[in-house]
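Notebook open, structure loaded. I want to look up how two helices sit against each other, then what lies around the ligand.

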Amino acid sequence: MRPWKHIVIGAMLGLAVLIGCARQAETPPATTAPAPQEAPVSATTAPAGDLALAAFKKGGCGACHIIPGVPNARGTIGPDLTNIALGAAQTMQSSAYTGKATTVDAYLREAILEPDVFIAPDCNGSPCQKGVMPPSLGQGLSEEELAAVITYLKNPPGETEAVISEEPAAAPADTAPTLSDEEFAWAKLVYFERCAGCHGTLRKGATGPALTPDRTMALGTVGLSTIIYNGTSRGMPDWGKQGFFTQEQIDVLARFLQREPPAPPELPMERMKASWNVYVAPDQRPATPQTKRNWQNYFVVTLRDAGQVAVIDGDTYEVVSKVDSGYAVHITRMSATGRYAYVIGRDGKLAMIDLWTETPTKVAEVQVCYDARSVEVSKYNGPEGDFTDKLAVVGCYWPPHFVILDGQTLEPIHIVSTRGYTVDTMEYHPEPRVASIVASDFKPEWIINVKEIGQIWLVNYADPKAPQIKMLQAARFLHDGGWDATHRYFLVAANQSNKVAVVDAQEGRMVALVDTPKIPHPGRGANWVDPEFGPVWSSGHLGDPAIVSIGADPEGHPDYAWKAVRVTPLPGAGSLFIKTHPNSKWIWIDMTLNSDPVLARTICVIAKENPTEPHRCWEASTYGRAVHFEYNAAGTEVWVSIWGDTSKPGETGEIVVYDDATLTEKARIPNLVTPTGKFNVYNTVHDIY
Ligand code: DHE
């Protein structure tokens, strides 16, 4: 049975009402003169009418707007309504205003009943968009409710009296909406596949907010549905608008989110070993490369929704092989020699591909998590031993642990739990997930980032069955990061803390926590030499239209070291990846998760010699989203993925190859299924970015 057959009429009507609340007028400055013919509007307190509060709740308006005094009205899809009435007069007088209102009352009424008449320019840092709401808002609100809402917005309570609660009142569990067994099973699977990555398997929140019933019950089915349908400017995908879920499916998910999260299972060693397969034993593998191709210039490309990776020849652009790997494949890392590619799927399946055979094939496979994002290898070769191609490590989201494996066979060797106490409040966290992992050149050590507790673990793997771990205290929600140009310092985004943490891998200590714009998301970052500040490492941001550059040369430029020395503006937020190469004069950046479809497929380059603004921005395709860059081994070409839609033949996705010197298009590798990350063998081995 398909759960979306269950249409809940009431919720659908409510959804229309709420979407109606999603677009209103801009949030203007609070200095405007009052509108003519009316009582002055003030920001001081007025009694919060019960009817208005009930109407806001009924419409689920708080899911899209910040509304002072309304519990949990912290939505960021629509404009902040705190000062909407105060600025109405100025807005009505501006040449940009396209509505007909001449009084504040009429302005608010119009914004609620005819939201597309005037589209606010600013929805919490991103441009507001037309068509998010149908013009049928009034159908859901009575005339009395509408009047109460207008009165309320003209005199919202002051900040001190706002009852926006950090700890919303928990609704009794038995009042949570119900689901049939089939709906529950469907929603559980979909949540795990699509939502757990950002909100956590136990829904404790990370990149996305917590979705525990104490919070979700306050938003209600309608409020949650609206967010799932429209997405948010802070990076939540607009699943409904994209056509990914129907409104009926969204309703099922919204009801599921108001119930207690189901406990996922653990994964003991015995079960990992049962999943372990060696298809070609190490002594059966070739001793020298069998292929005549330039395998060090292969790109291993994630074909996300095909559950495969494509191995593409970087010299000829031919797809040499497609290898089945885990579900919704995430990233690939190479062994220290580059001979093996280790591919991790979101289902925790690790596949090992031998790149020396004529056709690259899978030689071993194992499942060590139910949910995973990261994999790395041992790279150290020095006085403490030669660990080249000896070990691999997988970082899991669920269960919260990392697993050390034999690098030749993928036999699991040791499991280390990451459950522990948060860095700031020292609260026990049951689900601290493993985010990025990098391998040190200085010691037999991995740097493992434990997201929710905000600790960076230096894991010495010299004795993999008894790893020594030093826990550095950083900041919560550690996510992605990379090395500086010398590979001595590792920089990682603590994304929801708006910080980048810097670790000295040689001395094994924290160096700095650098403040950044909103939600830094560097991928592995970009190392280049700024004309004013010397060597820097840069990151894009999900929450702000900006690139931050952090001084990364403590010896040559000590005054700038580990400070945010430059912010380069971009046309939009939603950046996922930034990339450069030592041979290039450009820095490339995407805006993949921008809610504007044009910006989502637009890429920009910044000239290293003039980094104050983008040199050029252009659309890399006519459909989909442009995501992730990778250079060829020589650093002369840049590959960009067009992340398409599996269900649209001709638009499933492709890779665009640019000549780096001239920024002209050289080739397209068409008809790939949702290509995302691309990992050039040489650049991945040598951490060139
Ligand atoms: Fe990623 C890196 C986690 C969504 C493509 N992603 C990473 C890393 C982490 C991570 C922890 C760092 C790995 C490392 O270096 O060891 N990614 C997550 C999520 O939790 C998140 C936000 C939500 C989810 O449900 O998974 C998420 N990631 C995505 C995507 O939607 C992307 C764009 C496409 C996809 O895979 O579905 C995506 N993530 C990537 C890529 C990298 C990555 C391409 C590696 C970048 C690099 O150059 O190294």
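Are helix 6 and helix 8 roughly parallel or roughly perpendicular to each other? Before answering, I note that this is a predicted model.

**Entry 1, the helix pair.** I looked up the packing of helix 6 against helix 8, which covers residues 247-257, and got an angle of about 85° with the axes 9 Å apart. Angles of 65 to 115 degrees count as roughly perpendicular, so helix 6 and helix 8 are roughly perpendicular to each other.

**Entry 2, who touches whom.** From helix 6 I listed Glu183, Phe184, Trp186, Ala187, Lys188, Val190 and Tyr191. They meet Gln249, Val252, Leu253, Arg255, Phe256 and Leu257 of helix 8. I sorted this contact by class and got 9 nonpolar, 1 polar and 3 charged residues.

**Entry 3, the ligand shell.** Next I moved to the ligand, which has 23 residues around it. Arg304, His330, Arg373, Tyr397 and Arg524 are the closest. By class I have 10 nonpolar, 8 polar and 5 charged residues in the shell.

**Entry 4, where the shell comes from.** Helix 6 (181-199) turns up again here, as one of the elements that each supply at least two shell residues. Strand 9 (371-377) and strand 17 (434-439) are also among them. Strand 5 gives the largest share, 4 residues.

**Entry 5, polar contacts.** I looked up three distances to ligand oxygen atoms. For Arg304, a polar side-chain atom lies 2.6 Å from one. Backbone polar atoms come up too: that of Ile437 is 3.1 Å from a ligand oxygen, and that of Gly197 is 3.2 Å from one.

How values were computed. Residues numbered from 1 in each chain as written. Predicted model: local features only at pLDDT ≥ 70, side-chain atom pairs only at ≥ 80, totals over all residues. Heavy atoms only, no water. Near = heavy atom within 4 Å. Polar contact = N/O pair within 3.5 Å; in protein donor to acceptor, adjacent residues only side chain to side chain. Nonpolar A, V, L, I, M, F, W, Y, C, P; charged D, E, K, R; others polar. Axes fitted to C-alpha atoms, helices over the stretch in contact; angles between N-to-C directions. Parallel < 35°, antiparallel > 145°, perpendicular 65-115°, else oblique. Contact = heavy atoms within 4.5 Å.
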